[in-house]
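Got your viewer open? Here's a short tour that tells you what to select at each stop and what you'll find there.

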Amino acid sequence: MRPFDYRRAGDVDEAIALMGTSPTARYLGGGTNLVDHMRLGLETPDLLVDVSRLPLADIEDLPDGGLRIGAAVRNSDLAADRRVRERYPALSRALLAGASGQLRNLATTGGNLLQRTRCPYFQDVTTPCNKREPGSGCSAIEGHSRNHAILGASDACVAVHPSDMAVGLLALDAVVRVHGPGGERTITIDDLHRLPGEHPERDTVLEPGELITAVDLPPTPFARRSTYRKVRERASFAFALVSVAAAVDLHEGRIADVRIACGGIAHKPWRARRAEEMLVSEVPDEALFERAARAELDEARALRDNGFKIPLLRHTMVATLRDLTLETS
Amino acid sequence: MEADITLVVDGERRSLTVDTRTSLLDALRDHLGVTSPKKGCDHGQCGACTVLLDGRRATTCLTFAVAQDGAEVITAVGLVTDGELHPVQEAFCENDAFQCGFCTPGQVCSVVGMLDELRAGHPSHVTADLTAEIGTDPAIEDDEIRERMSGNLCRCGAYGNILAAVRQVTSS
Ligand SMILES: Cc1cc2nc3c(=O)[nH]c(=O)nc-3n(C[C@H](O)[C@H](O)[C@H](O)COP(=O)(O)OP(=O)(O)OC[C@H]3O[C@@H](n4cnc5c(N)ncnc54)[C@H](O)[C@@H]3O)c2cc1C
Ligand code: SF4
Ligand code: FES
Ligand code: FES
């Protein structure tokens, strides 16, 4: 591992200023992804700016009835928060479905959003990978592709985003607050992560040195009726093959509003807008869910090993919607 | 680059100089000779390196020692008070909850941290009702124990007896 300097930032401004002192500096959250990547040789920072102890570890009520989640809030604390469990269960469920108890105690909200793909070629510095080394080629397109994308991929990269939490946040229309050398800005969670296109080396739209300070949840009353369903190779402690987060507003026996987000299938958490449109103002029923899921997957393309994900996601979407509408429909 | 840090390990204040690249696990084992946390994978995947870090269970292989300057670490050895085993350790012995023992210190610390999480009312992935009060029911279901302990692997497959040990602690 390359030697590096370590600094604990006292406040947001200091963190951004420290980051500006070196082009290869990295922010350090819980370290559960970055330390691994430094050990594997994927990341070679000369400076770590520790932001895990910044005063960003609170979950605050917003005046509009929403919640502000500080970037340094640990995944375990966020999942256990009473307000989140009651008002945004999809988020609690997504977090609890990820990693393990002892990792969730370390992992932070900011770090979770910016964790990088688990594509095995990305993690192996001896193989070509456009995300790690632009222009070197993609080993997955004709290689082992069981865990790779079925939607939104490009000829340059077919990796998927691994975060469960981000999928939950996408179904809840979260907004990410970012501070950088140029000031503060907000980015919707849907805009934060990118599709790979020609530039798979860029996971997100963040500019160098930008720090995530918080994630805001809007007050969506019907998010109380939301959940997260994850399908994986074993019952616990494994990344998603596919996952679905959904929130449904039922009114007089019809779907007044709905949000659906999918994980494990694309370079970014995938918002199923086409399916959502087909469901709004309809009476919930399984055949309808099936049609909506099929429509969303219309443009899905399988690689050599991941064709199973297309029916698996369809079934998972139908089952999630059924779970949310069953008792009252 | 080197850094001077202080850790309180199993109740004892220890000052040391570490290369910033040293993980907390390596600092404990190689610098301080505290070998109860084990290095199974060094990638967060096995839980053998689990300790109680500032009171909460955490893996020590994916955090740098320098980032934990000032922290309190309790390892499985530190759970013994005045020669008395901790009730979780007692239950592991009585239930034969290990074979080779390599994963055991991490398992024991993880159980202690997990029980604190239960007492604090934290739900898990298999909790059916997220809004229900949690932690007051002593007869925690087996699937809850399995889920909450899934971050600790055991290559000897002593899971059945680990489950029995945890059940003994939660029902007493
Ligand atoms: C064995 C194992 C199993 C796992 N299983 C799952 C799983 O099933 N589901 C899942 O979703 N995740 C899983 N994870 C991943 C885990 O959730 C992430 O590693 C964790 O959330 C990252 O958070 P962190 O704070 O540790 O980030 P770090 O490792 O500290 O940082 C990650 C990245 O974010 C950057 N960063 C950190 N904080 C900020 C900030 N505030 N602003 C800007 N940049 C920042 C860092 O520079 C780095 O690039 C698993 C991890 C392991 C090791
Ligand atoms: S899928 Fe993306 S991350 Fe994986 S090898 Fe191809 S370019 Fe790299
Ligand atoms: S050695 Fe830390 S989790 Fe395996
Ligand atoms: S007892 Fe041998 S690894 Fe668990």
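Start by selecting Glu117(B) and Arg57(B) and showing their side chains: they meet in a salt bridge, with 2.8 Å from N to O. Keep in mind as you go that this is a predicted model.

Now zoom out to see where that pair sits in chain B. Colour residues 2-75 one way and 87-170 another; the domain assignment calls these domain 1 and domain 2 of chain B. How many salt bridges are counted between domain 1 of chain B and domain 2 of chain B? The count is 1. Add polar contacts to your view, and there are 6 residue pairs to find across this interface, both partners at pLDDT 80 or more.

Stay here a moment and look at how the two domains meet. In chain B, 15 residues of domain 1 are in contact with 15 residues of domain 2. Together they bury about 1100 Å², and carbon and sulfur atoms give 56% of that area. If you place a marker at the centre of each domain, using C-alpha atoms, the markers end up 23 Å apart.

Next, bring chain A into view and look at where the chains touch. Here 42 residues of chain B are in contact with 42 residues of chain A. The area buried between the chains is about 3400 Å², with 52% of it from carbon and sulfur atoms. Select Leu62(B), Phe64(B) and Leu130(B): in chain B, these lose the most area to chain A, together 20% of what that side buries.

Now hunt for charges. The interface of chain B and chain A has 3 salt bridges. One of the places to look is Arg56(B) and Asp77(A), whose side chains meet in a salt bridge at 2.9 Å, N to O. Between the two chains you can also look for 26 residue pairs in polar contact, again with both at pLDDT 80 or more. Which elements of chain B each supply at least two residues of the side that touches chain A? Those are strand E4 (56-58) and helix H3 (104-119). Of the elements on that side, E4(B) gives the most, with 3 residues.

Time to go inside. Nonpolar side chains tend to be buried together in soluble globular proteins. The largest nonpolar core here has 52 residues, so pick out the ones that touch the most other members: Val49(A), Leu78(A), Leu91(A), Leu113(A), Leu169(A) and Leu217(A). Highlight helix H8 (residues 164-171) of chain A too, as H8 gives the most to this core, with 6 residues. Colour domain 1 (1-48) and domain 2 (226-325) of chain A: both give residues to the core, so the core lies between them. Then click on Leu169(A) and show its neighbours; leaving out residues up to four places away in sequence, Leu169(A) touches Leu91(A), Leu113(A), Ala174(A), Ile189(A), Val215(A) and Leu217(A). Apart from this core there is another, of 34 residues, including Phe4(A), Tyr6(A), Leu48(A) and Cys49(B).

With the two domains of chain A still coloured, mark their centres: over C-alpha atoms, 37 Å separate them.

Last stop: select Glu277(A), which sits in helix H10 (residues 273-279) of chain A. Is Glu277(A) buried or exposed? Its relative accessibility is 62%, so Glu277(A) counts as exposed. To finish, draw a C-alpha to C-alpha distance from Glu277(A) to Arg194(A): the two are 83 residues apart in sequence and 22 Å apart in space.

How values were computed. Residues numbered from 1 in each chain as written. Chains lettered and ligands numbered in written order. Predicted model: local features only at pLDDT ≥ 70, side-chain atom pairs only at ≥ 80, totals over all residues. Heavy atoms only, no water. Core = buried A, V, L, I, M, F, W, Y, C linked by side-chain atoms within 4.5 Å. Buried < 20%, exposed > 50% of the residue type's maximum accessible area, 1.4 Å probe, protein only. Helix = DSSP H or I, 4+ residues; strand = E, 2+ residues; numbered from the N terminus. Domains from an automatic or database assignment. Contact = heavy atoms within 4.5 Å. Buried area = accessible area lost by both parts, 1.4 Å probe. Salt bridge = Lys/Arg side-chain N within 4 Å of Asp/Glu carboxyl O. Polar contact = N/O pair within 3.5 Å; in protein donor to acceptor, adjacent residues only side chain to side chain.
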